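Q: Could you take a close look at the nonpolar core of this model for me? I'd like to know which residues build it and how the rest of the chain sits around that part.

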Amino acid sequence: MTRDYKRLAMMVVDWKRRNPEKYKAQKMIFVAVRNGTLKRYPCDVCGDQKSEAHHEDYSKPLKVDWYCKKHHGEADKARREREKLSPTLV
Ligand SMILES: [Zn+2]
């Protein structure tokens, strides 16, 4: 259990190191929602109130769509598919 947690924590650290842009964008959203600059909306697809910010473009950190966990996964998958199709735009 403790080791699993440690491994997870290491994965997060590793992820931040490999994805500084994404980490920065997520942090900006967190701060913007907290100080009222950005409004949290329900899931775009199903209206679930427990929404998460989804970035289509990490170079525009405050431009996000809101999805629940399930639809966020689907939106991320769709974006990855698009990135595969147009790697030069990433
Ligand atoms: Zn949803």
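A: Let's start with the layout: the protein chain has three helices and two strands, and along the sequence they come in the order α-α-β-β-α. This is a predicted model, with a mean pLDDT of 91 over the protein chain and 94% of the residues scoring at least 70. Element by element, β2 has the highest mean pLDDT, 96, and α1 the lowest, 91. The C-alpha atoms fill a box of roughly 35 × 35 × 25 Å along the principal axes.

Now the core itself. The largest nonpolar core has seven residues: Ala25, Ile29, Cys43, Ala53, Val64, Trp66 and Tyr67. Two elements, α2 (20-34) and β2 (64-67), supply at least two residues each, and β2 gives the most, with three. In soluble globular proteins, nonpolar side chains tend to be buried together. For a look from inside this group, try Ala53: leaving out residues up to four places away in sequence, Ala53 touches Ile29, Val64 and Trp66.

It's worth keeping the wider burial in mind here, since buried residues make up 11% of the 90 residues in the protein chain. As for how far the contacts reach, take those between residues at least 6 apart in sequence: 33% of them join residues at least 24 apart.

Next, the helices. α2, one of the suppliers of the core, has 15 residues and reaches 21 Å from its first C-alpha to its last, close to the 21 Å expected at 1.5 Å a residue. Just after α2, Gly36 takes a positive phi of about 90 degrees.

The other two helices tell another story about burial. None of the 17 residues of α1 is buried, so α1 lies largely in the open. Its end C-alpha atoms are 24 Å apart, which agrees with the 24 Å that the 17 residues of α1 (residues 2-18) should span at 1.5 Å a residue. Tyr5 is a good residue to click on in helix α1: Tyr5 counts as exposed because it has 9 other C-beta atoms within 10 Å, and the cut-off for exposed is 12 or fewer. From Tyr5 to Asp48 there are 43 residues in sequence and 29 Å in space, C-alpha to C-alpha.

At the other end of the pattern, α3 (residues 69-85) has 17 residues and reaches 25 Å from first C-alpha to last, close to the 24 Å expected at 1.5 Å a residue. The number of buried residues in α3 is zero, so this helix also lies largely in the open.

Finally, the loops. Lys50 is found in the loop between α2 and β1 (52-55), and Lys50 is exposed because it has 9 other C-beta atoms within 10 Å. Lys50 and Lys69 are 19 residues apart in sequence, and their C-alpha atoms are 7.9 Å apart. Ser59 is in the loop between β1 and β2, and it is exposed as well, because 8 other C-beta atoms lie within 10 Å. Ser59 and Lys22 are 37 residues apart in sequence and 8.9 Å apart in space, again C-alpha to C-alpha.

Terms used: Residues numbered from 1 in each chain as written. Predicted model: local features only at pLDDT ≥ 70, side-chain atom pairs only at ≥ 80, totals over all residues. Core = buried A, V, L, I, M, F, W, Y, C linked by C-beta atoms within 7 Å. Buried ≥ 20, exposed ≤ 12 C-beta atoms within 10 Å, placed from the backbone. Helix = DSSP H or I, 4+ residues; strand = E, 2+ residues; numbered from the N terminus. Contact = placed C-beta atoms within 7 Å. Expected span 1.5 Å × (residues − 1). pLDDT = per-residue confidence, 0-100.
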